Amino acid sequence: MTTDTIDEALAGRLELIGLPRGSYAVKPHDRLRRVIAERMTESARDIPHFPLAMEVGLDELLSARAAHNGGARAARVSVNDLVVKAAALALIEVPEANVSYVPEGMLQHAHADVAVAVAIKGGLMTPIVRGAEAKPVTAIAAELKDLAERAQRFRLQPDEYTGGTFTVSNLGMFGVTSFGSIINPPQAAILSVGAARARPVLRDGALAEEQVMTVTLTCDHRALDGATGARWLQAFRTLIEAPAPLFEGAVA
């Protein structure tokens, strides 16, 4: 079919749903958008998803991060870097969540290879920090910065964004408080991270304020049951709320 024929056919279909000719412009899909559309359609259609949401306290994490970043020679880290490290450690603590379903059996992954969703022009990419459980958070921060910058320039190699055992998607920097994500196959789960927000609490009979964020774990029900996902979230929350293990080996 020629472009004119395709446009004429599209115009006819759109007129049937009340979009008159001249009221829109057609921007052809590029290869990246086509791949994203195909993979997300496949995931939503073929994977039985379920979400688990939990509120996580941030006061201790933010205090520890500020102390670390304030060091004269410190390699600075972001909250997202710490989330990636916590996700990796939680996957090792709850190995039943660090799996992939295939028809022949369950793949039990030896390492936590954490992919991180990065917005780029025309879509997103998910560069991977491999073996993140064994890397200091400062090394994770440096690696993520490099991967994200090269993703923006479309300079990643295929092995830097394919595979992975788990994904972190953080929209907190955009002010999104909570959301759910579509699983990135063949992974069995993806963590959606919302923005920090203040919540009133009672401490010793007095009204106080604490910082919390909502995280949502979307699970592949073929691989993870609700109790397994909940245990992973509990392990993740413990690491965020008592964050000393996240800073082990970090450059101070």
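**Helix α3 and its surroundings**

The buried residues of helix α3 pack against three other helices, namely α4 (79–93), α5 (137–152) and α6 (226–241). As the model is a predicted one, this packing is best read as part of a computed picture. Helix α3 itself covers residues 59–69, and its buried residues are L61, H68 and N69. Seen down the axis of α3, these buried residues fall within an arc of 90°, so they line one face of the helix. What lies on the other side of α3? There, E60, A66 and A67 are exposed. A reader who turns the structure to look along α3 can thus find L61, H68 and N69 among the buried residues, with E60, A66 and A67 exposed on the other side.

Stepping back from this helix, the protein as a whole contains six helices and 11 strands. Its C-alpha atoms fill a box of roughly 70 × 45 × 40 Å along the principal axes. Of the 252 residues, 41% count as buried. How do contacts link parts of the chain that are apart in sequence? Among contacts between residues at least 6 apart in sequence, 63% join residues at least 24 apart.

The outside of the protein can be described in a similar way. About 13400 Å² is exposed, and carbon and sulfur atoms supply 56% of that area. As for charge, the protein carries 25 positive and 29 negative charges, and the mean positions of these two groups are 5 Å apart.

Technical notes:
Residues numbered from 1 in each chain as written. Predicted model: local features only at pLDDT ≥ 70, side-chain atom pairs only at ≥ 80, totals over all residues. Heavy atoms only, no water. Helix = DSSP H or I, 4+ residues; strand = E, 2+ residues; numbered from the N terminus. Buried < 20%, exposed > 50% of the residue type's maximum accessible area, 1.4 Å probe, protein only. Contact = heavy atoms within 4.5 Å. Areas by Shrake-Rupley, 256 points an atom, 1.4 Å probe, with all protein chains shown as cover. Lys, Arg positive; Asp, Glu negative; His and termini not counted. Charge placed at Lys NZ, Arg CZ, Asp CG, Glu CD. Arc of directions from axis to C-beta.
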